[in-house]
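Q: Could we go through this model together, starting with the backbone and then moving on to the charged side chains?

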Amino acid sequence: MATSELIEALQALAHERKIDEFYLIERLEASLAKSYQHILDLEWDARVTIDRQTGHIYVYELVPVGEPDEETGEYSEFEERDVTPADVSRIAAQNAKGVIASIVREAGRQSIFEEFSGRVGDLVTGTVLQGTPDFTIIKIRDGVEAELPHYDQKRNPNERNERPSNEHYRHNQRLKLLIIEVRDPNSDAPKMRGEQARPPIVVSRTHPDLIRRLFEIEVPEIYDGMVEIKSIAREPGARSKIAVSSRETNLDPVGACVGPKGSRVRMVVEELRNERVDVIQWNDDAATYVANALSPAKVTRVLIDEDNHYATVIVPDDQLSLAIGKEGQNARLAARLTGWHIDIKSSSFTGEPLEDTGNMLIDEDGDDEVGLCAYTGEDGTRCRNHARPGSRYCGVHADLDGE
C-alpha cells in the first residue's frame, strides 16, 4: 500500500532537518496521546500508534486489568480499547504542526551544541542583529545566533553582564567576541529565565581571555608560542594589564606585543573601543614582577613578605599618585595581575632619605623588612606600618621605643 501524505511529509522533513524519522513519529504519537485523552475525555491514559507504512492513526484507551500494586497503587497490566475517532486525521494534522516545530527547534539547538560545545574560549566575529535592554543578538553565521547578555545585575542577580559599560552597539555592526558558554538542551540543570527562546551560544566582550585571543591574532610570536601571556587583569572598558614573558632569550616580549610604533597593541585597543592596555614584562622574582606591574610609575623599592603574600612598595613622592592611579585603578590592577597584596608608600612617609634609583627592589643583604615597624603581635604577625624617623617603631607603637 502506498505511503500516506503524512508519512511522506514526515520523512521529507526528517531528511531535510537531519532528524531521525522514527524519533519524529514517536514524538508525534506521544503528543497525540495527550491530546486525544483530553478531547475524548478518557478515564484512563491513551496510546496512539501511527502505521509506518500506511500512515493510519489508531487511538487506544489503556484500561487497567487486575488489582493495583499494594505499595505504589499503580497497575501493571492494561487492556487496549480502540477508541479511534472518525476525524482522527484532522486532529493529527493540527498536532503535527506544533510537534514538528518543537522537534525542529530542539534538533537545531542540539546541532549547534554539538558544533560549538568544543569551541568555548574561541574568538568569533559576529554581526549585530538586534538589541534589547537585557541582551544583544549576534549573528555568527547563517542559522547560528549568539546572545551577548548585559542584564542589570541588581534586577537580575542570576544573569550575566558581558558588555563593557562604555560600549553600545548598532545594527549590522561587526564585533569580535569570546564564546563563554554553549547551553546543553539536554542538561538537567535549572533553566535560566526564557532560556528556550534565547540563543544557545553565550558570548562576552568583558572576559579577560578576549584580550588574549586578540593578541594572538595581532602578535605572531604569541600565536607561535615564542611569547607567552602569563597573566591578565582587566577592568572592561577602562583599563587592562597583561604580563608577558619570552621563551627566546634574545626576544623582547613587551616590544613584540607593542609592535613597531605601537601598531600591534593599537589594533587591540581599537577593537576594545579605546580601552587602555598596559603590557608589562613578567618576572619570576616577585619584587621585580610587582614593580613592573605598577608601570608606568617608577618604583624605588619593594619589600616582600612571603608568609602573608604581602608586598610593600616604596615610590618617590612625585610617583605616588601615578602608582595608585585614578581611584586606585593602577594599584588594583597590579594586585590582580600579580596575585600579591600591594601596599604603596611614598619615600617621605618611610622617613628614609631614599633616592630615585629606578627599580632598586630589595637591600643587598636580603633583609626585606628594612624600614618597617619592629612591633610583633602575640600571634607573631609583624606590624605593616613604617617606622618613624630615628625610631624602630611606627606612630601607633611609639611608646615601645624606650623599652
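Q: What phi does Asp41 take, just after α2?
A: Asp41, which comes just after α2, takes a positive phi of about 55 degrees; helices (H or I, at least four residues) and strands (E, at least two) are DSSP runs, numbered from the N terminus. This is a predicted model, in which local features need pLDDT of at least 70 and side-chain atom pairs count only at pLDDT 80 or more, while totals for chains, interfaces and linings use all residues. Residues are numbered from 1 along each chain as its sequence is written, and side-chain values use heavy atoms, with hydrogens and water left out.

Q: And which residues of α2 are buried?
A: Leu24, Ile25, Leu28, Glu29, Leu32, Ala33, Ser35 and Tyr36 are the buried residues of α2, where buried means under 20% relative accessible area, exposed over 50% and partly exposed in between (1.4 Å probe, protein chains only).

Q: OK, back to phi: what about Asn274, and is that residue buried or exposed?
A: Asn274 has a positive phi of about 65 degrees although it is not a glycine, and its place is in the loop between α7 (263-271) and β11 (276-281). With a relative accessible area of 62%, Asn274 is exposed.

Q: Which peptide bond is cis?
A: The bond from Ser295 to Pro296 is cis, with omega near 15 degrees, and Pro296 lies in the loop between α8 (286-293) and β12.

Q: Switching to charges, how many salt bridges are there?
A: The count comes to 27 salt bridges, taking a salt bridge as a side-chain nitrogen of Lys or Arg within 4 Å of a carboxyl oxygen of Asp or Glu.

Q: Where do Arg264 and Glu221 sit, and are they buried or exposed?
A: Arg264 forms a salt bridge with Glu221, the closest N and O atoms being 3.0 Å apart. The pair links distant parts of the chain, with Arg264 in helix α7 and Glu221 in helix α5 (residues 220-223), 43 residues apart. Both Arg264 and Glu221 are buried.

Q: And what does the pair of Arg332 and Glu235 tie together?
A: The side chains of Arg332 and Glu235 meet in a salt bridge (2.5 Å, N to O). Arg332 lies in helix α10 (residues 329-338) and Glu235 in strand β9 (residues 227-235), so this pair ties together parts that are 97 residues apart in sequence. Arg332 counts as partly exposed at 31% relative accessibility, whereas Glu235 is buried, with a relative accessible area of 15%.

Q: Which residues join into a network?
A: Glu147, Glu159, Arg183 and Arg198 are joined into one network by salt bridges that share partners.
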